[in-house]
Amino acid sequence: MTQLIHRNLRVAPPTAVCAFGMYVRDGDGNTYLDASGGAAVSSLGHSHPDVLAAIGSQLKTTAYAHSAFFTTDAAEELATRLADGAPGDLNHVYLVSGGSEAIETALKLARQYFVEHGEPQRRVFIARRQSYHGNTLGALALGGNEWRRKPFEPLLMDVARVSPCYEYRERPASQSVEEYTAGLLVELEHKILDVGPQNVIGFCAEPVVGATLGAVAATPGYFQGVRALCDKYGILFIADEVMCGMGRTGTLYAIEQEGVVPDIVALGKGLAAGYQPVGAVLARAPIVERLRGGSGVFQHGHTYNAHPVAAAAALAVQKVIQRDALLAAVTARGVTLRRMLRDAFGTHPHVGDIRGRGLFVGLELVQDRDTRRPFDPDLKLHAAVKAKAMECGLMVYPMGGTVDGRRGDHILLAPPFIATDADLGQIVARLSDALARALAAVRPAGQ
Ligand code: PLP
């Protein structure tokens, strides 16, 4: 029998037959409140009329034009808008079809930049443990998610690894936040020196860590320290904003809140809010100028680069975000959501931390609140939360803990920016129900 390959090869997911606003409906008539935007994608909710109209009109004019032959108004206008909204001189934009492609593009652009500068010996990227940067081989190599990497390890390039900035679980009680932050920066500097600064291409990190840690922002001053080290040793700072970017944290770019300008930024997910598969890379002027003045080409490219319909969808999404003042809405609703979560779970014995920025919110689940001991990962609490949430008509994005206890199970919430306070109330009520059911399902009797 011919079959579509699903993520879970044993159990097919329900069939989505219709999606509108905050909801997705399946073929059995069940309706799910989308509290995670899928995987932090659907920032405008579903079936937004402006985006549908923009896609329809682009399809009628130019559905496809290969980027080796033509550019399009949609792609040019999108690039201008992204660059205008970006910090500093991040004013060159390359359009691709998703987050992993954006990361691959960022890695290759950074490498070619140094090759064209007569530094071909630079071949090492530095990234953080417990990071996720995508599933293609370059992006997977960059990421530190051990479970995802394991089967492919022999195929992956070497990446130098440092600790994440994960205060809740990794700051020793004996250290102040400042000391913890300073320690992480010392670790990064030592890593750069170990590898040899002349061999390093760049340091890559998510400004707010999404899938692997659950909406973990850095401690104050961390990214300023990163920027200073990158400048000191002449290496590039690559910000992976695939999940946290495009308004999700309340500013168009999450890194704006850190007061630094990366050399390269990768975007995906919320860029076109799921209406089309699209990603982008922004680069500072000197990077692109070096290639322009050198070989004159970026040795990269995919068939669907700068796809006109994808660009039109992303452009429409960005226009709606601006017209409807959705960045301010994200900030305000994020405050409300975290307050509601604290009211519901602030003293819950198994919710250790409630965190995040804007409508990018994480709950870390713990066996013991005081010691912060995570649940045994074999219990697969995160999977139970997801399944029970679906039973309760709720979509959330949970992730599992690690065997060595360096990360607990967490639940990521990333609702559409159009969520009302009533929607947020529903999300918290259904989550409360789902968490109780999941804990009952995984906890051995009597505990
Ligand atoms: N980078 C980050 C931070 C991500 O969260 C993801 C996906 O979850 C990616 C890159 C890869 O994006 P995609 O799944 O669109 O390839």
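Two strands are taken as paired if DSSP finds at least two bridges between them. In this predicted model, strand 16 and strand 17 (residues 409-413) satisfy that criterion with three bridges, and their pairing is antiparallel. Within this pair, Pro398 faces Ile411 of strand 17.

The pair belongs to an open sheet of four strands, arranged in the order 13-14-17-16 with antiparallel pairing. Strand 13 (351-357) and strand 16 (397-399) form the edges, each pairing on one side only. From one strand to the next, the twist averages 20 degrees.

Two helices accompany this sheet. Helix 12 (residues 326-345) lies across strand 13 and strand 14 (360-365), and the helix runs at about 175 degrees to strand 13. Helix 13 (residues 381-391) also packs on the sheet, where it touches strand 14, strand 16 and strand 17. The direction of helix 13 makes about 165 degrees with that of strand 16.

It is helpful to turn next to the domains. The assignment for the protein chain gives domain 1, made up of 16-47 + 325-442, and domain 2, spanning 51-323. Taken over C-alpha atoms, the centres of domain 1 and domain 2 are separated by 25 Å. Their contact draws on 31 residues from domain 1 and 31 residues from domain 2. On the side of domain 1 that touches domain 2, at least two residues each are supplied by helix 1 (37-40), helix 12, strand 13, strand 14 and strand 17. Helix 12 gives the most to this side, with five residues. By residue class, this side of domain 1 divides into 14 nonpolar, ten polar and seven charged residues.

The nonpolar core comes last. In soluble globular proteins, nonpolar side chains tend to be buried together. Here, the largest nonpolar core holds 143 residues, of which Ile264, Ala280, Ala313, Val317 and Leu394 touch the most other members. Helix 11 (residues 308-323) provides the largest share of this core, namely eleven residues. Because domain 1 and domain 2 both give residues to this core, the core lies between them.

Leu394, one of the core residues that touch the most other members, offers a convenient local view. Leaving aside neighbours within four places in sequence, Leu394 is in contact with Tyr32, Leu33, Ala35, Ala389, Ile427, Arg430, Leu431 and Ala434.

Conventions: Residues are numbered from 1 along each chain as its sequence is written. This is a predicted model: local features need pLDDT of at least 70, side-chain atom pairs count only at pLDDT 80 or more; totals for chains, interfaces and linings use all residues. Axes are lines fitted to C-alpha atoms, for helices over the stretch in contact, and angles run from 0 to 180 degrees between N-to-C directions. Two residues are in contact if their C-beta atoms, placed from the backbone, lie within 7 Å. Domain bounds come from an automatic or database domain assignment. Ala, Val, Leu, Ile, Met, Phe, Trp, Tyr, Cys and Pro count as nonpolar, Asp, Glu, Lys and Arg as charged, and the others, Gly among them, as polar. A nonpolar core is a set of buried Ala, Val, Leu, Ile, Met, Phe, Trp, Tyr and Cys residues joined through C-beta atoms within 7 Å. A residue is buried if 20 or more other C-beta atoms lie within 10 Å of its own, exposed if 12 or fewer, and partly exposed in between; C-beta atoms are placed from the backbone.
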